[in-house]
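The following exercises concern the geometry of a protein model. Each task is followed by a solution in steps.

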Protein chains: 2
Amino acid sequence: MRGPTASVIIAAAGTGRRFSAAEAAPSAAEPLPKVFLPLAGRPVLAHTLSRFAQVDEVVEVVVAVPADRVAWAQETFGETLEPGGRPLRFVAGGEERLESVAQALAATDPGTALVAIHDAARPLIRPEVIRESFRAAASCGAAVVGRPVDQTVKQVGEGRRVKKTVPRQSLWIAQTPQVFRRDVIERAYRKRGRIRGPITDDAQLIEALRLPVVMVLGDAANFKITTPEDLRLCEALLTAGWPFGE
Amino acid sequence: MRGPTASVIIAAAGTGRRFSAAEAAPSAAEPLPKVFLPLAGRPVLAHTLSRFAQVDEVVEVVVAVPADRVAWAQETFGETLEPGGRPLRFVAGGEERLESVAQALAATDPGTALVAIHDAARPLIRPEVIRESFRAAASCGAAVVGRPVDQTVKQVGEGRRVKKTVPRQSLWIAQTPQVFRRDVIERAYRKRGRIRGPITDDAQLIEALRLPVVMVLGDAANFKITTPEDLRLCEALLTAGWPFGE
């Protein structure tokens, strides 16, 4: 049985400040943003899109890319998400991630029930985890894929001196997708200007409204490609047959 | 120039409760602890030992293994760490990690300046990071290899409901090795009975004494093998030629 319909927003407008694209693609005249770099023969973004293409509830995908890449991306990746020929559109992102998502959100079909926001640089998201996040968002209003922290966490001060060990029992690392009922995310984005302090993920906007957010268990392999080494790790995993259990 | 001498303790007595050894080695009559499972053709522990063998300051290695594996391990891995023929000894660990390390600590040569404690299940530690942790411990008294947290961290309560986003700017994930001046770690282990609450790493014992601990930047690849998937990830990395830059 198919669940509520979902619009998917892929955040791909990042410039990858921590990623030396020149190192990974030394021959490129102008360095490509990392999500357009090749991974096992096709762009990182193509892998990410193919994961969402396997989820029936997805009725459209809007990808926020750097402004000068919109036409190029539409030509390269096409105008439909297969199978099913669902619309695949590229919009110009902003300087900050929040602005990029806001632009993409404005371009989604207002008739879908859910909005999922995903980092393009997480190509190893499993479709079953996407489906689980959709179910959790439909029931709770907001759902974040993540992992419980299973390592010791230190609070560190000046000169990398340890201040204390942080109790980790209740800590989770947030990944994406982060999925929301449409009314919830639209309201949160309208009010985003009122929040002080750094915003590092979309769920924080919901938390600021004191609305419920629930965690959904994801995979360790759903990491974000940040460095050239991460890209090689990802390639090694795909070459080794990831996801191993499927 | 060689730095202060170091005894290395490898914690390998864990039963791997989170690791289904049967899955990784279905033909084994009695499941092997995970650090004895094959990784790219030799046991995980052999990889870990080979990393420390590349560090000149290491003058001995004591490995804590399950009590029923001591004789077998000594026969399998030998009595010297090559190159250099440095002593390699196996001792019976305890029920808890802290007890295993205490047993191994008692078996080290009291004449070495530093004691490094490392998880056997982290075979991808780079020798240069080991050396850096030795230098930091010699200068500060206690050093922990780790990584700054670069993802959003949530505090989560009942029913996986998010309570809040935790400011991550000052948070680091602790890995191993954790390296200590001998007087510091011996004192900390003598007083370990006085500490309340869960102890998840050795540096916490030093923190409880209000002695300085400094973080040393490690690699993302220095993760701990916890699941069969982690073992395959490790194998994929080694097959792909990790460490890529060396």
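**Exercise 1: Cis peptide bonds in chain B**

B:Pro83 lies in the loop of chain B between β5 (80-81) and β6 (86-92). The model is a predicted one. Determine which residue is joined to B:Pro83 by a cis peptide bond, and where in chain B the residue B:Pro177 is placed.

*Solution.* Step 1. Most peptide bonds are trans, and most residues other than glycine have a negative phi.
Step 2. The bond between B:Glu82 and B:Pro83 is cis, with omega of about -5°.
Step 3. A cis peptide bond also joins B:Thr176 and B:Pro177, where omega is about 10°.
Step 4. B:Pro177 belongs to strand β11 (residues 171-181) of chain B, whereas B:Pro83 is in the loop between β5 and β6.

**Exercise 2: Positive phi angles**

State the phi angle of A:Arg210, and decide whether A:Arg210 is buried or exposed. Treat B:Arg160 likewise.

*Solution.* Step 1. A:Arg210 is not a glycine, yet its phi is positive, at about 60°.
Step 2. A:Arg210 is located in the loop between α7 (203-208) and β12 (214-217) of chain A.
Step 3. A relative accessible area over 50% counts as exposed; A:Arg210 has 79% and is therefore exposed.
Step 4. B:Arg160, likewise a residue other than glycine, has a positive phi near 60°.
Step 5. The loop between β9 (152-156) and β10 (162-166) of chain B holds B:Arg160. With a relative accessibility of 37%, B:Arg160 is partly exposed.

**Exercise 3: The surroundings of B:Val162**

Establish in which strand B:Val162 is found, and which residues are in contact with B:Val162 beyond its neighbours within four places in sequence.

*Solution.* Step 1. B:Val162 is part of strand β10 of chain B.
Step 2. Buried means under 20% relative accessible area; B:Val162 has 13% and so counts as buried.
Step 3. Outside its neighbours within four places in sequence, B:Val162 is in contact with B:Lys154, B:Gln155 and B:Val156, and also with A:Glu207, A:Val213 and A:Met215.
Step 4. B:Arg181 is 19 residues from B:Val162 in sequence, and their C-alpha atoms are 40 Å apart in space.

**Exercise 4: The relation between the chains**

Identify what kind of axis relates chain A to chain B, and which residue of chain A comes closest to the rotation axis.

*Solution.* Step 1. Two copies of a chain are related by a rotation about an axis and a shift along it.
Step 2. A turn of 180° with a shift of 0.0 Å along the axis lays chain A on chain B with an RMSD of 0.0 Å. This relation is therefore that of a two-fold axis.
Step 3. Among the residues of chain A, A:Ala236 comes closest to the rotation axis, its C-alpha lying at 2.7 Å.
Step 4. The copies meet through the same surface, because 100% of the interface residues of chain A are also interface residues in chain B.

**Exercise 5: The overall form of chain A**

Compare the radius of gyration of chain A with that of a compact globule, and describe the make-up of the chain.

*Solution.* Step 1. Chain A contains 8 helices and 12 strands.
Step 2. For 246 residues, a compact globule would have a radius of gyration near 18 Å, and the value of 18 Å for chain A agrees.
Step 3. Along the principal axes, the C-alpha atoms of chain A fill a box of roughly 50 × 45 × 40 Å.
Step 4. Of the 246 residues of chain A, 54% are counted as buried.
Step 5. Among contacts in chain A with a separation of 6 or more, 74% are between residues 24 or more positions apart.

Conventions:
Residues numbered from 1 in each chain as written. Chains lettered and ligands numbered in written order. Predicted model: local features only at pLDDT ≥ 70, side-chain atom pairs only at ≥ 80, totals over all residues. Heavy atoms only, no water. Least-squares fit on C-alpha atoms with pLDDT ≥ 70 in both. Contact = heavy atoms within 4.5 Å. Helix = DSSP H or I, 4+ residues; strand = E, 2+ residues; numbered from the N terminus. Rg over C-alpha atoms; globule rule 2.2 N^0.38 Å. Buried < 20%, exposed > 50% of the residue type's maximum accessible area, 1.4 Å probe, protein only.
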